[in-house]
Amino acid sequence: MNYYTQNEKDIPLEKVCHFTSGEWEAYFFARAAGRIGERTDGILLVYTDVSFSSDLVRTAAAIMAVVVLVLSVLLYCVQRYTVKVLDSKDKSMKDFFANASHELKTPLMAIRSYADGLENGLVEQEKACTVITKEVDRMTGLVNAILEFSKLDSGTVQPNMAENDVREILYDAIHG
């Protein structure tokens, strides 16, 4: 009220004004007292104290800033981890395709050489057909293995886990 009486000449009627003094903060407007349409000399001062809400807004803004900062750091870490995982998968896919293409070239070269030898009369038909059939079977096995890995990788097939005796596997590998 003191602020209004000291600054009455500078404060227009019917206009919302802002007042701050220390920690106090208020919005107010002045209007002519009395009923609408009547002339009067009195002034009605309507105000609201918003000091409590200023501190509340500042606190809420600080909390939101901290939350945004924490979420930003968290999203950055997740993004870095995702990039690392995708780079690892990309490298393993490149390695896989390099190895698969090398493994497929070997039987193709054998088939090509025996087919050329057969065509030029350098190799007997029976021997060439045996080698070509063996290499085609080898390529079919490789292609089927690639297809199985693809199904496992996409999740359409679940791996069949079973316990095995390593000694039997080694025995079969040595004497196979």
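A residue counts as exposed when over 50% of its relative accessible area remains, as buried when that value is under 20%, and as partly exposed in between. By this scale Asp153, at 59% relative accessibility, is exposed, whereas its salt-bridge partner Lys89, at 44%, is partly exposed. These values, like the others in this report, come from a predicted model.

**Overall build**

The chain contains four helices and three strands, and their order along the sequence is α-β-β-β-α-α-α. Of the 176 residues in the chain, 11% are buried. Two of the helices recur throughout what follows, namely helix H2, which covers residues 51-119, and helix H3, which covers residues 125-154.

**Salt bridges**

The whole structure holds seven salt bridges, and three of them are set out here, with the N to O distance for each pair.

| Pair | N to O distance |
|---|---|
| Lys89 and Asp153 | 3.7 Å |
| Glu103 and Arg138 | 3.8 Å |
| Glu135 and Arg138 | 3.5 Å |

In the salt bridge between Lys89 and Asp153, the closest N and O atoms are 3.7 Å apart. Because Lys89 belongs to helix H2 and Asp153 to helix H3, this pair ties together parts of the chain that are 64 residues apart in sequence.

The salt bridge between Glu103 and Arg138, with an N to O distance of 3.8 Å, likewise links distant parts of the chain, since Glu103 is in helix H2 and Arg138 is in helix H3, 35 residues apart. Glu103 is partly exposed at 34% relative accessibility, and Arg138 is also partly exposed, with a relative accessible area of 36%. In the same region of the model, the C-alpha atoms of Glu103 and Met139 are separated by 8.4 Å, although these two residues are 36 residues apart along the chain.

Arg138 also meets the side chain of Glu135 in a salt bridge, at 3.5 Å from N to O. Here both partners lie in helix H3, and because they are three residues apart, about one helical turn separates them. Glu135 has a relative accessible area of 8%, which is under the 20% cut-off, and therefore counts as buried. Through shared partners, Glu103, Glu135 and Arg138 are joined by their salt bridges into one network.

**The largest pocket**

The volume of the largest pocket is about 300 Å³. Its lining consists of Lys89, Ser92, Met93, Phe96, Phe97, Ile146, Phe149, Ser150 and Asp153. Helices H2 and H3 are the elements that each give two or more residues to this lining, and H2 gives the most, with five residues. Sorted by class, the lining has five nonpolar, two polar and two charged residues. Lys89 and Asp153 are both among the lining residues, and they are also the two partners of the salt bridge described above with a distance of 3.7 Å.

**A nonpolar surface patch**

Elsewhere in the model, Ile63, Val67, Leu71, Leu74 and Val78 make a nonpolar surface patch of about 440 Å². Ile63, one of the residues that make this patch, is placed in helix H2.

**Helix H2 in review**

Taken together, these features return repeatedly to helix H2. Helix H2 holds Ile63 of the nonpolar patch and Glu103 of the salt-bridge network, and it gives five residues to the lining of the largest pocket. The pairing of Lys89 with Asp153 ties helix H2 to helix H3, and the pairing of Glu103 with Arg138 also links these two helices.

Conventions. Residues are numbered from 1 along each chain as its sequence is written. This is a predicted model: local features need pLDDT of at least 70, side-chain atom pairs count only at pLDDT 80 or more; totals for chains, interfaces and linings use all residues. Side-chain values use heavy atoms; hydrogens and water are left out. On a 1 Å grid over the protein atoms alone, a cavity is a set of points where a 1.4 Å probe fits but cannot get out, and a pocket is an open set with protein on both sides within 12 Å along at least five of seven lines; lining residues have an atom within 4 Å of a point. Grid points are joined across faces, edges and corners, and a volume is the space filled by probe spheres set on the points. Ala, Val, Leu, Ile, Met, Phe, Trp, Tyr, Cys and Pro count as nonpolar, Asp, Glu, Lys and Arg as charged, and the others, Gly among them, as polar. Patches are made of residues with over 30% relative accessible area and no salt bridge: like charges are joined within 9 Å, nonpolar side chains (Val, Leu, Ile, Met, Phe, Trp, Tyr) within 5 Å. Accessible areas come from the Shrake-Rupley method with a 1.4 Å probe; for residues, only the protein chains shown count as cover. A salt bridge is a side-chain nitrogen of Lys or Arg within 4 Å of a carboxyl oxygen of Asp or Glu. Buried means under 20% relative accessible area, exposed over 50%, partly exposed in between (1.4 Å probe, protein chains only).
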